[in-house]
Amino acid sequence: MRKSKSKARIFRNQTRLSESQETELLDSWIESQKPGSGSNPLSIPAPPPNTPVGPTGDGSFLSYAGSTRFDQLPISRKMKDGLGSKYTVMSEIQRASLPHSLCGRDVLGAAKTGSGKTLAFLIPVLEKLYRARWGPEDGVGSIIISPARELAMQLFNELKKVGKYHNFSAGLLIGGRKDVDTEKECVNNLNILVCTPGRLLQHMDETPNFDCSQLQILVLDEADRILDTGFKKALNAIISQLPKQRQTLLFSATQTKSVQDLARLSLKDPEYLSVHAESVTATPEFLQQKAIIVPLDQKLDMLWSFIKAHLDSKMLVFLSSCKQVKFVYEAFKKLRPGIPLKCLHGRMKQERRMGTYDEFFENRSVLFSTDVASRGLDFPAVDWVVQVDCPEDVPAYIHRVGRTARFSSGGKSVLFVMPSEMKMIQRLEDAKIPIHSSKPNTKRLQSISGLLASLLVKFPDMQYLAQRAFTTYLRSIYLQRDKEIFDVEQLPIEEFSASLGLPMTPKIRFLNCKIKRKTIHESHEHENDFEDDNKGPRKVPQMDRFKEESESDLLLVKETLIEGKENEPAVLETHISKKKKLKINLHRPAGTRVVFDDEGNALPPLAALADINNGDCKLEIDKVKERYAKLKEDMKQRDKEDKLIHRQRLREQRLKEKMKLKRARTEDEDGEIDDGHSGSDGEATNGDAKRSKIYLDSDDDEGGKLEKNAGSIADSISLAEQEALALKLLSSMHS
Ligand code: ADP
Ligand code: MG
């Protein structure tokens, strides 16, 4: 009894516990009070506000399912400190999922946009590793995957904030960054990876000794997006390299229930927690949503007039392709609306993307974007989300409007629907989205097609952009799956072209092709080879589609698909090389290989060895022999060099390992030093208390250096050791 009392007393003063005491208590608490599988903690009455936390006087623990505040959960002192005063009361998804995820269960969490899903997975990630006493030598313990780079960056920043008192090293691994080599050097020392699928796969494929075999917890944010076709290959390749014995958490506002999708992840009795399923609306409570009917050729007039009428707003504008974003952004910038304009799409250089993201985060402006910004991003105080082009489906709509009205704040959204897309309104209403369509007040509509026409004359580049915007938009409609909503044949094509300021309507080959095929189809009434309600254009013969794709940039319906591809260099490369291989003409007669001379002129393969002075161009045997001897010599030399490099690498690696061991030993010796969060009750804290925490973010302000809060790897090597290392490297170069 005395023992249990002291347990209670000890826990109440969590600050004074050593890490080992704390994790032991947390483990017992979590284990003894596990909520029932399949139970919904939201239906458990909340404990009275002043209920003490942790073990009761008799040594038993209180149930944590039903808690409403973070400090009632079985989480570490460091976690509570990390949450600080900003996060005190839990949101519904946090209350529902944390009791299950903290006790190690797989969770599929669905909750509206802006409802706090991020913390619902960051807390279990940090706590799982903390309770497992994870250290630098344990390597990668958790992987958090996001479908887009900006979202990964946001998650990483949030992890840095709430995990600042934990001693874990974390890395942000996203596509488009130059410093992949620095990443490769450090990635094995990181405990938590926040990444996009492609970059993670790149490390799995290219980084020597990259090891995820000890992974404890995997998170997919925006899980339905990561599980859909755009990321299928990359994700399958990733999953195949992860241990099956792990915890998996999936979160999204639009969750997948597809058994097939989930089977790929080998979930174990997952808890499906859909906290807003019973809610009256599928979108945030304080979001006001409108739809206005705008014909295609008036969309830009409407957008311009809308921006001019809301110059004091922070506005996010969605368009369907990079080309459109580029054109509208460039054109509107030249027309100077009186508010800063920004653009964001998957074809931008990574630094610019990040810059734009930061600027829009901070300042009032209008951001033109593709769907790269549609998911997860938590920009503060966005007043308006404007969807100029119709989203491809209901989930896409929900994510786009979800960029405003986050957590408990309000926001407004407007969707431009064309008369031919009115069915979309029905779809949205059926999905519990409170939206009403109305005709806009055209009296205040300002026509800008004349201004655009003169811009196009003045800036020839703009004409090119306009043409590309025109074709890619039409093609995006043509490639849409939902043919009840998207029908390219109903669009006023000539008027659309004129509205962009184009002097002539550009030719659209895929449409001609479609019309031609349709005529054929009509003459063969029973031969339903083309027009099919849902899949019409997808049945266009592959050849025709390939032609279109190679002529202009590949446009996929979802720009985020492009993002996915960009993020998968490794997969994409193998893919391309396979295709290239297929293109080799196997039937070409042997010996017809073409070689080039120094000026780049094509020559027959053995021309270099032919006797050119002799008119009949016969091969000279001596010359051939001489050439082979030279080649042999060259190869020998190269072989020698390769061996040298290889030996040198081995040496470096051995030296590194030695340093690592040495460091670990030194840290063990330093183990008694207090880190401010461990016990001060006289008991020695565990040896890893002074672990160095690394944040790897190769695009950081620091110019791609590691940001560490307790000594860097380089710092920990003494000067003498550095000299020894340099000497060894030098001597190996000469050996
Ligand atoms: P979601 O992923 O569900 O779209 P986020 O996790 O991005 O939502 O959270 C939306 C906003 O709400 C963020 O700015 C976050 O800081 C804030 N937030 C999350 N949980 C809480 C909480 N319990 N109390 C106060 N603010 C919160
Ligand atoms: Mg989110």
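A residue counts as exposed when its relative accessible area is over 50%, as buried when that value is under 20%, and as partly exposed in between. The structure described here is a predicted model, and by this criterion D269, at 68% relative accessibility, is exposed. The residue sits in the loop between α11 (259-263) and β7 (271-274), where its phi is positive, at about 35°, although D269 is not a glycine. Such a value merits comment because most residues other than glycine have a negative phi.

A positive phi is also found at E222, a residue other than glycine, for which the angle is near 55°. E222 belongs to the loop between β5 (217-221) and α9 (223-227), and with a relative accessible area of 5% it is buried, because that value falls under the 20% cut-off. A further positive phi, of about 50°, is taken by R336 just after helix α13.

Helix α13 itself comprises the 14 residues 322-335, which at 1.5 Å a residue should span 20 Å; the C-alpha atoms at its ends are 20 Å apart, so the expected and the computed spans agree. The helix is mostly covered, with 10 of its 14 residues buried. Among these buried positions are the aromatic-ring residues F327, Y329 and F332, and the set also includes C322, K323, Q324, V325, V328, A331 and L335.

Two further loop residues make side-chain contacts with the protein backbone. D106, in the loop between α4 (92-102) and β1 (107-110), has a relative accessibility of 2% and is therefore classed as buried. The side chain of D106 reaches the backbone nitrogen of K268 at a distance of 2.8 Å. S409, by contrast, is found in the loop between α15 (394-401) and β13 (411-417), and its relative accessibility of 39% places it in the partly exposed class, because the value lies between the two cut-offs. The side chain of S409 reaches the backbone oxygen of R406 at 2.7 Å. With respect to the chain as a whole, S409 and P284 are 125 residues apart in sequence, while their C-alpha atoms are separated by 9.3 Å.

The surroundings of ligand 1 were examined in turn. There are 16 residues around the ligand, of which Y87, G114, K117, T118 and D378 come nearest. Classified by residue type, this shell divides into four nonpolar, seven polar and five charged residues. Both domains contribute to the shell, with at least three residues drawn from each of domain 1 (76-274) and domain 2 (287-563).

Polar contacts to the ligand involve side-chain as well as backbone atoms of the protein. A polar side-chain atom of Y87 is placed 2.7 Å from an oxygen atom of ligand 1, and a polar backbone atom of V89 lies 2.8 Å from a nitrogen atom of the ligand. At G114, a polar backbone atom is 2.7 Å from an oxygen atom of ligand 1. Taken alone, the ligand exposes 560 Å², and the protein buries 86% of that area.

Notes. Residues numbered from 1 in each chain as written. Chains lettered and ligands numbered in written order. Predicted model: local features only at pLDDT ≥ 70, side-chain atom pairs only at ≥ 80, totals over all residues. Heavy atoms only, no water. Near = heavy atom within 4 Å. Polar contact = N/O pair within 3.5 Å; in protein donor to acceptor, adjacent residues only side chain to side chain. Areas by Shrake-Rupley, 256 points an atom, 1.4 Å probe, with all protein chains shown as cover. Nonpolar A, V, L, I, M, F, W, Y, C, P; charged D, E, K, R; others polar. Domains from an automatic or database assignment. Helix = DSSP H or I, 4+ residues; strand = E, 2+ residues; numbered from the N terminus. Expected span 1.5 Å × (residues − 1). Buried < 20%, exposed > 50% of the residue type's maximum accessible area, 1.4 Å probe, protein only.
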